[in-house]
Structure formats: C-alpha cells, structure tokens
Amino acid sequence: MEERQVPFVYGGELKKYFQLYMTQVLGRKDSTANHYLQALNTISKYMRQLNLVNKDVFELGSLEELHRAWDKLEQDSVFSHLNQKGHNMYSAGFQRYLEFAAGHSFGKLADSVHQLDVPQAVHEPSYMSYEVWHRSGILRGQCLEYAHYQCELHPEHQTFLAESNHRPYMEVHHILPMSLQGQFEHSLDIYANIICLCPICHRQLHAGLIAERRDIIDHLYEERRDRLVKSGIELGKEEFERMILPLHVVGK
Ligand SMILES: [Zn+2]
Ligand SMILES: [Zn+2]
C-alpha cells in the first residue's frame, strides 16, 4: 500500500471561510472568488520565497502579522513589478482578504454567518512543553465584531472601552475548550464554537458554580447545536455537558 503524506493544514480554515464568505455571504460568483484566491496563492508563493510564511498567507494569525508581511512583500522589486504589470490585482486581492480578516462587515452578517459553518480540518498541534492547539487571532476579532462587542449571555452587561480599538472590552471563549481538540476529528477553533463574553460571564463559565454553569452550557448547546453539527462537531447534550464541566464535582 502506498504511504501518503498528511498535509500541513495550518491556517486552512481561513481560506475555506474566505471562499464561503465571498460566495455565500457576499453572493459573488465562484469565478470572482477564485480570482481572489488565485491572487492570494501567488502572494503566498512570493511570501514563501521571502520566508514570510511557511505555507501560505492564511496561516498569518493577526492583522498585525498580515500588514507586516505585506509591507515586506511590497518592497520586493520582482513582486511589485508583477503587481504593476497585473494592474494591481494582487494588492486588490490582498485588500479584500484584509477586509475579511478585520471582520469589517461581520457586524452586519446576522444569520448569514451560518453560511460559514463547515467542518474544518484540525490544525497540527505545536509541541512545546505541553500541547498547544492553534487559535486564530483573526477568528477572535471577527467573532467580537459579529457580536457587536456585546456579551452574548447578557447583552446588557457593560464593561469599559479598550485602548486597542476603543470598543467595549470583551473576551472570546471556546465553548468546547481547545484542550479537548485531541478528541475531535474537526477543529474546535471555529465560529460555531466561539462566543463573545463580558469578563464576568467568561469567568463564571470557568469558575462559577457547577449548577449555574450547567444551565449556561445547556443553553449554549441548544443555541449552537446545529451550527456545531454543520462544523463537524456532533455531540449529545449529556456528552457535551460532561466534556465541558470538570470531572470531580463535590455535591451536585
Ligand atoms: Zn474561556
Ligand atoms: Zn456578561
């Protein structure tokens, strides 16, 4: 039997999400989306040559990294010549991706965010002194935009303005924790599994009374079940609870 190499899938989810975003959410033609993806492929090729990425542009996990890599690429004479010759089609493609990555129109997505729920490949874990599963800073920002920087459990919860973006300070939480990734075939770092919370509700989910946490988890299960299934995460309610709540609980 022939042996196959497992592809290195780091950053793959953003490529898939970007494509769906273009076609399903913005309603662009497949050919238009492919045009942008091809531009991003070429950009990736040049970024690889300059050692700015390992595989492609989709592995860059923050807006800062994206801007930094692009600034370096623009200084490359071969690439900038190519871009000029192509009537700046590469800059245009990258600009589109940047807008998507910044979550610019995510605040207006409403239910069309469901179009983005698909099973995603699991990232290779990075082995350090312990296992760290990749989390995307871009998905994080997009989820905050989508939730309008409101606590998804209690929209009335007020925080304070954050210096970084002058928006209400909010946190993102993975409903099924990333530490469970090894038990799943598909990624847990997905829109369907991420929730925007105020710091109080967030801490409550990590440290609150088990009985109250169970109520919240049940509520989240009902709310997210279909989207999780679409993302390749299928669990019964009891299993869902059991996986999230700590094993040894005193009392009930
Ligand atoms: Zn959390
Ligand atoms: Zn809250």
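His148 is found in the loop between α6 and β3 of this predicted model. Its phi is positive, at about 55 degrees, although His148 is not a glycine. His148 counts as partly exposed because 15 C-beta neighbours lie inside 10 Å, a number short of the 20 required for a buried residue. Another residue with this backbone feature is Asn88, a residue other than glycine whose phi is positive and near 60 degrees. Asn88 lies in the loop between α4 (77-85) and α5, and it is partly exposed because 13 other C-beta atoms are within 10 Å.

The setting of these two loops is given by the overall fold. The chain contains nine helices and four strands, arranged along the sequence in the pattern α-α-α-α-α-β-β-α-β-β-α-α-α. Of its 252 residues, 27% count as buried. Among contacts between residues at least 6 apart in sequence, 72% join residues at least 24 apart.

Confidence should be considered before the details. The mean pLDDT of the chain is 89, and 89% of its residues reach 70 or more. Over residues 1-9, however, the pLDDT is below 50, and this stretch has five contacts in the model beyond near neighbours in sequence. Where pLDDT is low, the predicted coordinates should not be read in detail.

The loop that holds His148 also holds Cys151, which lies between α6 and β3. Cys151 is buried, because 22 other C-beta atoms lie within 10 Å of its own. Leaving aside residues up to four places away in sequence, Cys151 touches His157, Met170, Cys196, Leu197, Cys198 and Cys201. One of these contacts links Cys151 to Cys196, from which it is 45 residues apart in sequence but 5.8 Å apart in space, C-alpha to C-alpha.

Cys196 leads to strand β4, which spans residues 194-197. Both faces of this strand are covered: Ile194 and Cys196 are buried on one side, and Ile195 and Leu197 are buried on the other. Strand β3 (residues 171-174) runs antiparallel to β4 and is joined to it by four bridges. In this pairing, His174 stands opposite Ile194. Cys143 touches residues of this region as well: Val172, Tyr191, Ile194 and Cys196 are its contacts, not counting residues up to four places away in sequence.

Several of these residues recur in the largest nonpolar core, which has 49 residues. Those with the most contacts inside the core are Phe18, Ile43, Val57, Cys143, Tyr191, Cys196 and Leu197. At least two core residues are supplied by each of α1 (12-25), α2 (30-49), α3 (63-74), α5 (89-101), α6 (137-146), β4, α8 (210-230) and α9 (237-244). The core also draws at least three residues from each of domain 1 (12-101) and domain 2 (136-244).

Helix α2, one of the contributors to the core, also carries Tyr46. Tyr46 is partly exposed, since 18 other C-beta atoms lie within 10 Å, whereas a buried residue needs 20 or more. Apart from residues up to four places away in sequence, Tyr46 touches Leu73, Asp76 and Phe79. Tyr46 and Leu73 are 27 residues apart in sequence and 7.5 Å apart in space, C-alpha to C-alpha.

Conventions:
Residues are numbered from 1 along each chain as its sequence is written. Chains are lettered from A and ligands numbered from 1 in the order in which they are written. This is a predicted model: local features need pLDDT of at least 70, side-chain atom pairs count only at pLDDT 80 or more; totals for chains, interfaces and linings use all residues. A residue is buried if 20 or more other C-beta atoms lie within 10 Å of its own, exposed if 12 or fewer, and partly exposed in between; C-beta atoms are placed from the backbone. Two strands pair if DSSP finds at least two bridges between them. pLDDT is the predictor's confidence in each residue, from 0 to 100. Two residues are in contact if their C-beta atoms, placed from the backbone, lie within 7 Å. A nonpolar core is a set of buried Ala, Val, Leu, Ile, Met, Phe, Trp, Tyr and Cys residues joined through C-beta atoms within 7 Å. Domain bounds come from an automatic or database domain assignment.
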